[in-house]
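Welcome, and thanks for taking a look at this one with us. Please have the model open as you read.

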Amino acid sequence: MTEEKSDKTEKSKETTEEAAEEKAEETVEETEQAEKAEEGGEAKAAEEKKAKKSLPKPKAAAKKKPTPRKDEKYLSRNFEIPNAHNLDVYEANGGYRALKKAMKMDGEEIIEEVKKSNLRGRGGAGFPCGIKWSFLPKESDVPKYLVINADEGEPGTFKDRYLMELDPHRHIEGCIIAAWALGIRYCYIFVRGELQFAQRRLNQAIKQAYDAGYLGKNILGQDFDFDIYVHPGAGAYICGEETGLIEGLEGKSGQPRMKPPFPAVVGVFQAPTIVNNVETISSIPFIIENGGQWFADMGIEKNGGPKLYGLSGPVNNPGVYEAPSGITIRELLERYGGGMRDGHELKAFIPGGSSCAVLKPDALDAQMGFETMREAGSSMGTACITFMDTNTCMVRVAARLAHFYHHESCGQCTPCREGSGWAAKVLDSIEAGRGRMEDLDLLLDMCDNIQGNTICALGDSIAIPVRSYLQVFPEEFEDHIKRQSCPYPAWSKRKTSADSDAA
Amino acid sequence: MPKVNINGTEIEVEKGTTILKAAAQAGFEVPHFCYHPALSIPANCRMCLVEVEGARSLEPACYSEVTDGMVVETKSERVIKAQKSVLEFILLNHPVDCPICDQAGECKLQDYYMAYDAQESRLRAEKNQKVKVFPIGPEVLYDGERCILCTRCIRFCEEITGTNELTIVQRGDSAEIRTFPGKELDNPYSVCTADICPVGALTSRDFRFKCRVWLLQSTDSVCTGCSNGCNIHLEHFRNEIQRYRPRYNPQVNDYWMCDAGRLSYKEVHTDRLLRPMSNGAALNWHGVTETASAKLARALDDDAGSFGFVVSPQASCEDLFLAKRFIEEVLGTDQLYLGGKPDGFEDDFLIKADKNPNRQGVKAVFGGLNDFGDVDKLIDDIESGAIKTLYMMETHLPADAETRQRFVDALDKLDLFVLQAQHCAELANQAHLALPACSHAETEGTFVNFDGLAQPFEQAFAPHGDSLPHWQIFMRLARAMGQPLTYTFVHQIRDEMFQASDADENGEPAEAQAE
Ligand SMILES: Cc1cc2nc3c(=O)[nH]c(=O)nc-3n(C[C@H](O)[C@H](O)[C@H](O)COP(=O)(O)O)c2cc1C
Ligand code: SF4
Ligand code: SF4
Ligand code: SF4
Ligand code: FES
């Protein structure tokens, strides 16, 4: 394992495509070996699993398909084509072909393909898209709705905006296919208020689609009517939670609903509703075009398809990149991100938005999949990775995140409303040099008391990261308390809200 | 019907029953703030979390429905930890100003803290500060710091009154209750929000700082504000009513009552006729009984046919029953008139136009209302001399101010005017004899509401001044006039009366669900 690791590190320094292919092959080989070994004896395998908890081995990796070369692009295919947001350019590059194909299939067939594709929700929770679709009642007295979650507010996450700004027709095509498959009449795209450019691009594309007969009445001459509306959000993170979003769409303040009933049964305007993330729906045309199996093959067990990854922090090439599901974080960092910038050493990273647990560099070889990231001790989330270097104060990061969730808590339920502010206050005091050792237990206890006890998952989004910083970097918290100050000059020189609170 | 096991007790409940209700049926209290049996279920306070076997996280008992074979623990270690933590979170920014809080003593937060938490605060930072006295409506004040954001008040205005005045502004721990722009919490039932507020965040302006609740004595009574007859807790201290609070009765008023009715207790303590009087001079009961019986006997001798009697729908059935016997057996007149308050505001919820609590009682006791003359006839009959002696129960007349003035002016024409009433209402001075009657708070009796439901009310405290229940006054006079009507207890009258009438007696009010 160690051997393999050093080998990989070495390799990943080279950026040629050959190297990438070679490595991918190696991964497959390695996995096969591992599978054989596991067959040998369950007890042994379990033991192995335990031993490698800190550094999980890539498990059940890509079966046949090698990692595609860098130019094998789908979701981001049109990003660099000038004016791809215009219908003619989009069509010239194969646009709306998938829709025409889909409209020759019936709904059940399409749902089957989506199920087969292993497309997981790209909004963070990773719910299998095909299964969600199959929950929508077939018959309904009221029109059914498709709601696109384009609220993209998770700190560190910036992938959906690219899809909306640079390839809006792909998304619209996905919406129409979903509507065709599910018997949906109306669609709302709930776009984060700040993303005004994305809203403009979407509206422009929707208008073009209406003019071309892709939207409106009798689409492509068939007995199929479908309308899309763009609805700007009003700037609350909680409107990204699907039922908070539905409340927002209905004109109320974004307070998530109790589930059940789930939106598929009682959603917007009390009607059956499918809520999907932008990227989830933008992936649909590729599934139709190439088949569910093709999509599933481009990934690992239960996680199919190409996927956008965001890289931020002190890396050489921060940005959004497309790669298959199941790629390791190391590969993303080294090959796409170009490694850490000179003079910056990797200390920690958050794999998929701020509500995921923080990980240390020893987890770099974890694969980007919902199950594999869970095994690595965190979650895949939105797959937009935030890298942090050794100059980053972990107490400060935890405090900053707690402030974010405190600010964004809708305030409905007690543990999240009160706990988020309390956690922020305690973390601030540790960062400001006023912490006590018992505060660490208090924080952990607080996290336990929030997690699982709230209406929506925002409560968990406070508990999980805060707990992870305390557990992954305990010495740093203790250090703050022993010194009664923050050891990171870069941070302590800056005036923090904690300081002004103390004044 | 699903079977559930709650803390080891097997119980079978209706399909769709929530865990909280099932637990109550099995005899286990699940603490709760936001849940109110008459309102929708937001499950936001998280006080009612319980452990369901096989579920990953704790479930809100108020929201989750039982399923067959479910195994629920309401007292497990996990549940106790969650309860403690929710109370700790609620108290985190709570001012705990119980010593100056009207809710203290009937505060769910205080009670639950003692029962489910009772640990020291672990907060070292400062508490958040919010508005302390916000005039949210003409009858209600709001304290943002005490508010636990359970949204009971909002849901009341949405679901019960449909007036939608309230909402939450801001979010997270800055959230507060406010009215929508340009609105006030001024619906006719606004003080109910203070009743259902589990803490002292909404308080009634009328009751504020008036009396500590643990000093109050509570009597089951019926509101006299209108003919709906809302069931109330009549709460009093030192012979004075401090407030009315609705008493649960699903047949009549559920958990609610209107603001006007709630404040109608003030009539019990204003403008009371407290001493028997003759031509403006105070007498004792002995003296006034003699004078009255002599005068009435003389009038009867003179001209039995010119006797008029005003019956009041404000009086209880028992009072009316004796009034009827007095009229028939002592006075022997058939010139009857109906008094009572004029009609007023009505809505399609509780408030009825008929502002008298017992018109149906009059109907039941006198066998209909057809024999009664109205106010115009009363005035005509006085002016024409058809009536020379008028005996009037209570001071109210269903008349506008002008008509009432005509009545007052006409009184001069009478040879004898006997008033038997709670209030002076400028008539006492004109009366040749004024006999003080007591209010519904000072005696017991029965009102029949608009719907024909006979509802008993109990005595809260001793009669004010020298006042007596109407029925006792009639008994005194009858005895003095040689026609004894003999009763010792109200229930004797009641028994006799119900034999004679067809009104249904109210059964025991339904058991209120945990509010
Ligand atoms: C606090 C919170 C914020 C969320 N924000 C977003 C968001 O900005 N965008 C998004 O797509 N999903 C977000 N989600 C996830 C959605 O609730 C939901 O799972 C998703 O829209 C479902 O679509 P998918 O299955 O296609 O991923 C959020 C969830 C929570 C709990
Ligand atoms: S967990 Fe937080 S954000 Fe979610 S409903 Fe509760 S208070 Fe609102
Ligand atoms: S609401 Fe309850 S706990 Fe709060 S101050 Fe009033 S009595 Fe005390
Ligand atoms: S004012 Fe009272 S009833 Fe209304 S939300 Fe606050 S605590 Fe609940
Ligand atoms: S959450 Fe159940 S009573 Fe409030």
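Here is a short tour by topic. Keep in mind that this is a predicted model. In it, 24 residues of chain A are in contact with 24 residues of chain B, and chain B also offers a helix pair and an open sheet of 5 strands to look at.

**Where the chains meet**
- On chain A, helix H17 (394-408), helix H18 (414-431) and helix H19 (437-450) each supply at least two residues of the side that touches chain B.
- H18(A) gives the most to that side, with 10 residues.
- By class, the side of chain A that touches chain B has 14 polar, 7 nonpolar and 3 charged residues.

**A helix pair in chain B**
- Helix H7 (residues 285-303) and helix H12 (residues 470-480) of chain B pack with their axes 9 Å apart, at an angle of about 60°, which makes H7(B) oblique to H12(B).
- The crossing of H7(B) past H12(B) is right-handed.
- H7(B) brings B:Thr289, B:Glu290, B:Ala292 and B:Ser293 to the contact, while H12(B) brings B:Arg476, B:Leu477 and B:Ala480.
- The residues of this contact divide into 3 nonpolar, 2 polar and 2 charged.

**The sheet of chain B**
- Its 5 strands follow the order S2-S1-S5-S3-S4, with mixed pairing.
- Strand S2 (9-12) and strand S4 (59-60) of chain B each have a single partner strand, so one side of each is left without a neighbour in the sheet.
- Strand S1 (residues 3-6) of chain B runs antiparallel to S2(B), and 4 bridges join the two.
- B:Asn5 stands opposite B:Glu10 in S2(B).
- Helix H2 (residues 77-92) of chain B packs on the sheet, where it touches strand S3 (49-52) and strand S5 (70-73) of chain B. The direction of H2(B) makes about 160° with that of S3(B).

How values were computed: Residues are numbered from 1 along each chain as its sequence is written. Chains are lettered from A and ligands numbered from 1 in the order in which they are written. This is a predicted model: local features need pLDDT of at least 70, side-chain atom pairs count only at pLDDT 80 or more; totals for chains, interfaces and linings use all residues. Two residues are in contact if their C-beta atoms, placed from the backbone, lie within 7 Å. Ala, Val, Leu, Ile, Met, Phe, Trp, Tyr, Cys and Pro count as nonpolar, Asp, Glu, Lys and Arg as charged, and the others, Gly among them, as polar. Axes are lines fitted to C-alpha atoms, for helices over the stretch in contact, and angles run from 0 to 180 degrees between N-to-C directions. Angles under 35 degrees count as roughly parallel, over 145 as roughly antiparallel, 65 to 115 as roughly perpendicular and the rest as oblique. A crossing is left-handed if the near helix is turned anticlockwise from the far one by less than a right angle, and right-handed if clockwise. Two strands pair if DSSP finds at least two bridges between them.
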